[in-house]
Amino acid sequence: IMDVESGKEVKDIKNGHSDTVLGLSFSPDDKILATCGADKFVKTFEVPSGKFLKAFEGHTHHVLGVGWKADGKLLASAGADNVIKIWDFEKGEQVRTIAGHGKQVTQLVFIGKTDQFATCSGDQTVRFWNVNGGNTRNFSGSADFLYALGVSPDGAVVAAGGQEGIVRVYNGTNGQLVKSLLPPGAEPAAPKKK
């Protein structure tokens, strides 16, 4: 954990996971750090002390992303087991498992102060969900694994990128592709013939 102003290390959490750490997310009040990793766990640590708080176990493969609902009561995790898990932080228990992606769920981000979150996946899709498990919107157009995802706090703008090196920007309210940001020197794809 680093101090932004000084650039100095505040705390080094040693042995937080037994394998590669793949995702991090600060709680909305910045007092807790959630981490996830290849050891199939989501873990939480007190900030800035680094004191271990809780572990959440239930994924059957690497956990690739983790995020907090704005009220700090729920966590969500994205797994290489193709599912999303919702966790009750206080109880330290799993609330539900959400299936719907056909491949690894590579990234997860909550949308502002809502109970909605977005995911991207190796199945080439971005999806909006609510914490009850409902899939509320899908975004398509990618031709390869997606790894990176950003959503504006109001959910109106969505950006996703992955293996093909293209960042696609979507209208979050209707799912329409707004723009494709191509790598330098790349040519736009020719329109498909009907």
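Hi everyone. A quick definition before anything else: when I say "strand", I mean a DSSP run of E with at least two residues, numbered from the N terminus. And a pocket here is an open set of grid points with protein on both sides within 12 Å along at least five of seven lines. One caution too: what we have above is a predicted model.

Let's start with the largest pocket, then. Which element gives the largest share of its lining? That is strand 1, with three residues. The lining has 14 residues in total, and Ile-1, Ile-13, Leu-24, Leu-33 and Thr-35 are the ones nearest the centre. Two elements contribute two or more residues to this lining, namely strand 1, at 21-26, and strand 2, at 32-37. As for volume, the largest pocket encloses about 200 Å³. If you sort the lining by class, you get eight nonpolar residues, three polar ones and three charged ones.

Now, strand 1 and strand 2 are partners as well. They run antiparallel, and five bridges join them. Have a look at Leu-24: its bridge partner in strand 2 is Thr-35. Both of those names were on the list of residues nearest the centre of the largest pocket.

Let's zoom out to the sheet they belong to. Strands 1-2-3-4, in that order, make an open sheet with antiparallel pairing. Strand 1 and strand 4, the latter at 52-57, stand at the edges; each has a single partner strand, so one side of each has no neighbour in the sheet. On average, and ignoring direction, neighbouring strands of this sheet are turned by 20° against each other.

On to the second largest pocket. Its volume is about 160 Å³. Which residues lie nearest its centre? They are Ser-25, Phe-26, Gly-67, Trp-68 and Phe-110, out of a lining of 14 residues. Strand 1 turns up again here: along with strand 5 (63-68) and strand 9 (105-110), strand 1 supplies at least two residues of this lining. By class, the second largest pocket is lined by nine nonpolar, four polar and one charged residues.

Strand 5 takes us to another sheet. This one is open, has four strands in the order 5-6-7-8, and pairs in the antiparallel sense. At the edges we find strand 5 and strand 8 (93-99), each with a single partner strand, so each has one side left without a neighbour in the sheet. From one strand to the next, the twist averages 20°. Inside this sheet, strand 6, residues 74-79, and strand 7, residues 83-88, pair antiparallel over five bridges. If you want a residue to click on, try Ala-76, which stands opposite Ile-86 in strand 7.

Next, let's move along the chain to a pair of hairpins. Strand 14, residues 157-162, pairs with strand 15, residues 167-171, in the antiparallel sense over five bridges. Gly-161 has Val-167 in strand 15 as its bridge partner. Four residues sit between the strands of this hairpin, and Gly-165 takes a positive phi near 80° there.

Strand 15 then pairs with strand 16, residues 177-181, again in the antiparallel sense, this time over four bridges. Tyr-170 has its bridge partner in strand 16, and that partner is Leu-177. How many residues lie between the strands in the hairpin of strand 15 and strand 16? Five, and in this hairpin Gly-175 takes a positive phi near 80°.

Last topic: salt bridges. The count comes to four, and I'll walk you through some of them. Lys-14 pairs with Asp-12, with the closest N and O atoms 2.7 Å apart. Is Lys-14 buried or exposed? Lys-14 counts as exposed because its relative accessibility is 61%, and the cut-off for exposed is over 50%. Asp-12, at 37%, counts as partly exposed.

Then there is the salt bridge of Arg-168 and Glu-164, with 2.7 Å from N to O. Arg-168 has a relative accessible area of 10%, so Arg-168 is buried; the limit for that is under 20%. Glu-164, at 27% relative accessibility, counts as partly exposed.

Finally, Asp-123 forms a salt bridge with Arg-127, and here the closest N and O atoms are 3.8 Å apart. Both Asp-123 and Arg-127 are buried.

That's my tour, folks. Thanks for listening!

How values were computed: Residues are numbered from 1 along each chain as its sequence is written. This is a predicted model: local features need pLDDT of at least 70, side-chain atom pairs count only at pLDDT 80 or more; totals for chains, interfaces and linings use all residues. Side-chain values use heavy atoms; hydrogens and water are left out. On a 1 Å grid over the protein atoms alone, a cavity is a set of points where a 1.4 Å probe fits but cannot get out, and a pocket is an open set with protein on both sides within 12 Å along at least five of seven lines; lining residues have an atom within 4 Å of a point. Grid points are joined across faces, edges and corners, and a volume is the space filled by probe spheres set on the points. Ala, Val, Leu, Ile, Met, Phe, Trp, Tyr, Cys and Pro count as nonpolar, Asp, Glu, Lys and Arg as charged, and the others, Gly among them, as polar. Two strands pair if DSSP finds at least two bridges between them. A salt bridge is a side-chain nitrogen of Lys or Arg within 4 Å of a carboxyl oxygen of Asp or Glu. Buried means under 20% relative accessible area, exposed over 50%, partly exposed in between (1.4 Å probe, protein chains only). Axes are lines fitted to C-alpha atoms, for helices over the stretch in contact, and angles run from 0 to 180 degrees between N-to-C directions.
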